[in-house]
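Please walk through the structure below, from its overall fold to its aromatic residues and its backbone exceptions.

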Amino acid sequence: MFAHTDRASGGRRRLRSRMEIPTPDYTHVSDYKDVYEPAEDTFLLLDALEKEKSFLESVRPTITVEVGSGSGVVSAFVSKILGNSALYFCTDRNHRAALCSNETFKVNKANVNVVVTDLVSGLLPKLKNSVDLLIFNPPYVVTPSDEIKGSGITASWAGGMHGREVMDKFFQLVPTLLSDKGVLYLVVIKENKPDEIKALFSNMGFLCDVVMTRRSGPEFLMILKFTRKSTNNRTDNSGSLCLSSGKNSS
């Protein structure tokens with residue numbers, strides 16, 4: 001996948017599975033020229049988070065962080081799941097996206113702190129090993145490396161080689177961010193080499209699960225969940241992520 005995919009195009013489905021928690025209202029957003037519009041990857045992430053509702057409630061997050069909030073829909077949704085029990089942060093390096101997120105939070109009565117920063121630079125070291133819930137729907141599209149330096153809407157989907165250049169930068173920060181009980185939810189596609197990502201996190205002391213998958217046009221989307229091995233008693237014997245079954249959502 002070396003051309004743009006559904007994430008970079010206008011032909012997106014805007015449907016969720018039949019879940020109980022409604023999608024946050026984002027009808028106030030009328031111009032997506034510089035802000036990533038909620039699309040199939042967004043809605044798969046919402047479905048996965050709702051599927052994980054019982055687990056998240058058991059974790060009892062006190063601090064949550066979404067990296068790259070875009071429209072703000074995901075953080076607003078998480079606040080519906082967890083209510084007032086957590087302190088919410090989201091980041092985006094795009095000033096227009098930050099403004100859009102703020103408006104979404106106002107419309108949906110979600111109390112989320114928006115930080116304009118690259119990835120999580122503006123949150124460290126203050127939140128070191130304090131984040132209980134970390135969410136990232138990264139720029140995952142395979143593109144030439146120079147495209148990741150772009151601004152505006154391009155920054156929301158251009159991932160460079162293997163769609164991994166922004167992700168790999170972020171991965172190095174995860175052990176520093178997450179608390180002992182912390183969990184990371186990550187959106188990837190097959191071209192991002194998810195089995196390689198799993199091995200990388202295993203070497204950093206994390207277990208990996210596939211929460212949900214979905215095909216959208218040429219993309220095979222996956223929601224990966226990472227937790228520390230030290231707080232998880234099970235043995236990771238799930239094998240290849242790309243061959244995981246029973247978790248597909250169409």
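Of the contacts in the protein between residues at least 6 apart in sequence, 75% join residues at least 24 apart. These contacts belong to a predicted model, in which the protein has seven helices and seven strands. Along the sequence the elements follow the pattern α-α-β-α-β-α-β-β-α-α-β-α-β-β. Of the 250 residues in the protein, 54% are buried.

Confidence comes next. The mean pLDDT of the protein is 88, and 85% of its residues reach 70 or more. Two stretches can be named that fall below 50: residues 8-14, which have 17 contacts in the model beyond near neighbours in sequence, and residues 243-247, which have five such contacts. Where pLDDT is low, the predicted coordinates should not be read in detail.

The interior can be entered through the largest nonpolar core, which has 72 residues. Within this core, the residues that touch the most other members are Leu49, Val65, Leu134, Phe170, Leu184, Leu186 and Phe226. Strand E5, residues 178-189, gives the most to this core, with eight residues.

Phe226 can be followed further. Leaving aside neighbours within four places in sequence, Phe226 is in contact with Gly182, Val183, Leu184, Leu186, Ile197, Phe201, Phe206, Leu207 and Cys208. Leu184 and Leu186 in this list are also among the core residues that touch the most other members. Another of the contacts, Cys208, has a relative accessible area of 1% and is therefore buried. Cys90 has a relative accessible area of 0%, so Cys90 counts as buried too. The count of disulfides in the model is zero.

The aromatic residues are the next topic. How many aromatic pairs does the structure hold? There are five. In one of them, Phe136 and Phe170 are tilted, with 4.6 Å from centre to centre and 55° between the planes. This pair links distant parts of the chain, since Phe136 is in strand E4 (residues 131-136) and Phe170 is in helix H5 (residues 165-171), 34 residues apart. Phe136 counts as buried because its relative accessibility is 3%. Phe170, at 0% relative accessibility, is buried as well.

A second pair, Phe201 and Phe226, is stacked, with the centres 4.1 Å apart and 25° between the planes. Here too distant parts of the chain are linked: Phe201 lies in helix H7 (residues 194-203) and Phe226 in strand E7 (residues 219-228), 25 residues apart. Both rings belong to buried residues. The two pairs are not isolated from each other, as ring pairs link Phe136, Phe170, Phe171, Phe201, Phe206 and Phe226 into a cluster. Two residues of this cluster, Phe170 and Phe226, also appear among the core residues that touch the most other members.

Other phenylalanine rings have a lysine over them. The charged end of Lys190 sits over the ring of Phe220, at 4.7 Å from its centre. Lys225 lies over the face of Phe55, and the distance to the ring centre is 3.4 Å.

The backbone has some exceptions to note. Most residues other than glycine have a negative phi, and most peptide bonds are trans. Where does the model have a cis peptide bond? One joins Leu124 and Pro125, with omega at about 10°. Pro125 is found in the loop between strand E3 (112-116) and E4.

Leu119 lies in the loop between E3 and E4 as well. Its phi is near 55°, a positive value in a residue other than glycine. Is Leu119 buried or exposed? Leu119 is buried, because its relative accessible area is 9%, under the 20% cut-off.

His162 also has a positive phi, about 60°, although it is not a glycine. The residue is placed in the loop between E4 and H5. With a relative accessible area of 34%, His162 is partly exposed.

Notes. Residues are numbered from 1 along each chain as its sequence is written. This is a predicted model: local features need pLDDT of at least 70, side-chain atom pairs count only at pLDDT 80 or more; totals for chains, interfaces and linings use all residues. Side-chain values use heavy atoms; hydrogens and water are left out. Rings of Phe, Tyr and Trp (its six-membered ring) pair if their centres lie within 6.5 Å; planes under 30 degrees apart count as stacked, over 60 as edge-to-face and the rest as tilted. Helices (H or I, at least four residues) and strands (E, at least two) are DSSP runs, numbered from the N terminus. Buried means under 20% relative accessible area, exposed over 50%, partly exposed in between (1.4 Å probe, protein chains only). A charge sits over a ring if NZ of Lys or CZ of Arg is within 6 Å of the ring centre and within 35 degrees of the ring normal. pLDDT is the predictor's confidence in each residue, from 0 to 100. Contact means heavy atoms within 4.5 Å. A nonpolar core is a set of buried Ala, Val, Leu, Ile, Met, Phe, Trp, Tyr and Cys residues joined through side-chain atoms within 4.5 Å. A disulfide is a pair of cysteine sulfur atoms within 2.5 Å.
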